[in-house]
Amino acid sequence: MAPLLHVEGLVRHLGGRNVVDNISLSVPAGQVTCLLGPSGCGKSTTLRIIAGVDRQDAGVVRLNGQIVSDDTRHVPAERRGVGLMFQDFALFPHLTVAQNIAFGLPKDATSTVRVQDLLNRVDLAGYGEKHPHELSGGEQQRVALARALAPRPKIMLMDEPFSGLDNRLRDEIRDATLSVLKQEGTAVLLVTHEPDEAMRMADEIALMRDGRIVQQAAPYNIYNAPADCAAAGFFSDINILNGEVHGALTETPFGQFLAPGLSEGAEVDIVFRPQHVRIDFDRNGQGPHPTAAEGTPARGTVLRARFMGKESLVEFLMDDGTSRVTATVPAVFLPKPGTILWLSIRRDRCFVFPRKTSAAA
Ligand SMILES: Nc1ncnc2c1ncn2[C@@H]1O[C@H](COP(=O)(O)OP(=O)(O)OP(=O)(O)O)[C@@H](O)[C@H]1O
């Protein structure tokens with residue numbers, strides 16, 4: 001089956017550069033895809049082109065297998081049959097909640113039923129006669145969702161739809177929104193700069209940087225097999241050890257790592273997340289036995305330890321005198337600076353990337 005949304009080779013030239021630089025992307029029916037990336041990487045521009053409120057300089061947008069925009073054709077936004085939801089909910093202040101939701105529907109009995117059904121789904125039964133100013137931010141967000149879903153769009157385009165909400169409410173509203181979208185079977189392309197939001201909402205994440213998609217994969221895969229050092233670092237703090245390739249291997253305080261396909265003498269980064277570092281207290285300070293999974297243990301001196309609530313962060317200077325490693329330790333563990341401890345790392349959670357010089361980054 002053809003994907004609901006398929007874009008190919010999108011380019012948008014603004015302010016003397018390509019802010020969207022050859023983007024290709026598909027969203028299948030019923031799936032949530034998150035366009036994730038740092039501020040200014042071109043996410044909103046991509047979404048606006050797909051919505052039809054901006055026009056690309058090159059490339060094709062297909063919805064339901066039909067071309068809606070290319071070099072010669074451009075179907076206007078209101079005729080694309082997509083649901084739109086942006087950061088500001090833009091409800092009509094003079095209309096009631098029910099009238100807002102019914103806005104894009106024909107004026108008949110089926111619409112009244114549809115509005116009631118949506119009010120129930122977004123947990124606002126009994127709110128139909130209120131006006132937007134009488135509602136909280138979270139309630140307004142739910143009205144905006146109901147309004148966007150009312151004409152049963154097959155796809156919703158959402159640009160940071162939760163960013164105006166109170167932090168404490170946000171998780172709850174994200175989950176409720178996702179559940180309504182899944183019940184309706186609506187495909188979603190959601191723009192966000194927050195990795196946690198993408199991990200929580202997405203079936204698939206398209207990670208953007210400088211106008212390009214650097215990786216597209218399910219959250220588990222993008223987290224556990226990042227395309228490069230920056231992709232790894234976008235989702236959590238990371239440790240980076242510097243190495244050099246000799247005979248397809250690179251040496252680290254934690255033993256050798258394979259560096260396949262990299263040339264002799266190439267500089268590499270060995271990257272791993274703090275939660276994959278284990279502090280070992282065994283064998284009276286002799287260090288743990290090497291294991292296949294954790295490899296060679298290495299000794300480090302505590303530089304500082306910080307209590308973070310449900311976990312502690314402990315920073316080490318390794319015995320080689322240059323490598324620094326941060327470990328996340330569940331619960332409270334706050335060793336004094338100067339304490340010497342043995343560490344091991346999950347070798348299957350380490351990535352070896354060629355080092356990017358700033359000129360090539
Ligand atoms: N009309 C314009 N003229 C010149 N530059 C523009 C124009 N519109 C957007 N840009 C630039 O294009 C880049 C991408 O903007 P865009 O809003 O798509 O990014 P974004 O990833 O959605 O960022 P944010 O998360 O901050 O909204 C930005 O650097 C922005 O300054």
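1. I begin with strand S14, which spans residues 267–272 and is mostly covered, since the count of its buried residues comes to 5 of 6. As with everything in this note, the description of S14 rests on a predicted model.

2. Strand S14 has strand S11, residues 239–246, as an antiparallel partner, and 6 bridges join the two. Within this pairing, Gly 243 of the protein chain stands opposite Val 268 in S14. Strand S20, residues 351–354, is also antiparallel to S14 and is joined to it by 4 bridges; here Asp 269 stands opposite Phe 353 in S20. As general background, strands of a sheet pair through backbone hydrogen bonds, in either a parallel or an antiparallel manner.

3. For orientation in the whole molecule, the secondary structure of the protein chain comes to 8 helices and 20 strands, and the C-alpha atoms fill a box of roughly 80 × 45 × 40 Å along the principal axes. Of the 361 residues in the protein chain, 34% are buried. Among contacts with a separation of 6 or more, 64% are between residues 24 or more positions apart.

4. An unreviewed UniProt entry lists residues 5–235 under "domain: ABC transporter". Over residues 5–235 the chain is 34% helix and 27% strand, while the C-alpha atoms at the two ends are 26 Å apart.

5. An open sheet is formed by 6 strands in the order S6-S7-S8-S3-S9-S10, with mixed pairing. Strand S6 (82–85) and strand S10 (212–217) stand at the edges and have a single partner strand each, so one side of each is left without a neighbour in the sheet. When direction is ignored, neighbouring strands of this sheet are turned by 15° against each other on average.

6. Within the sheet, strand S3 (residues 32–36) and strand S8 (residues 187–192) run parallel and are joined by 5 bridges. In that pairing, Val 32 has Val 188 in S8 as its bridge partner. Helix H4, residues 137–149, packs on the sheet, where it touches S6 and strand S7 (155–159), and the direction of H4 makes about 165° with that of S6.

7. Is Gln 31 buried, exposed or partly exposed? Gln 31 counts as partly exposed, because it has 19 C-beta neighbours inside 10 Å, whereas a buried residue needs 20 or more. Gln 31 is placed in the loop between strand S2 (17–27) and S3. If its neighbours within four places in sequence are left aside, Gln 31 is in contact with Ala 187, Asp 203 and Glu 204. A link back to the strands discussed at the start is that Gln 31 and Gly 243 are 212 residues apart in sequence, and their C-alpha atoms are 40 Å apart in space.

8. The last point concerns the ligand. The residues around the ligand include Leu 14, Gly 15 and Val 19, a run of glycines and other residues among which are Gly 37, Ser 39, Gly 40, Cys 41 and Gly 42, and also Lys 43, Ser 44, Thr 45 and His 193. Helix H1, residues 43–51, provides the largest share of this shell, with 3 residues. By character, the residues of the shell divide into 3 nonpolar, 8 polar and 1 charged.

Note on methods:
Residues numbered from 1 in each chain as written. Predicted model: local features only at pLDDT ≥ 70, side-chain atom pairs only at ≥ 80, totals over all residues. Buried ≥ 20, exposed ≤ 12 C-beta atoms within 10 Å, placed from the backbone. Contact = placed C-beta atoms within 7 Å. UniProt positions renumbered as here; feature names shortened; annotations may be inferred. Pairing = 2+ DSSP bridges. Axes fitted to C-alpha atoms, helices over the stretch in contact; angles between N-to-C directions. Near = placed C-beta within 6 Å. Nonpolar A, V, L, I, M, F, W, Y, C, P; charged D, E, K, R; others polar.
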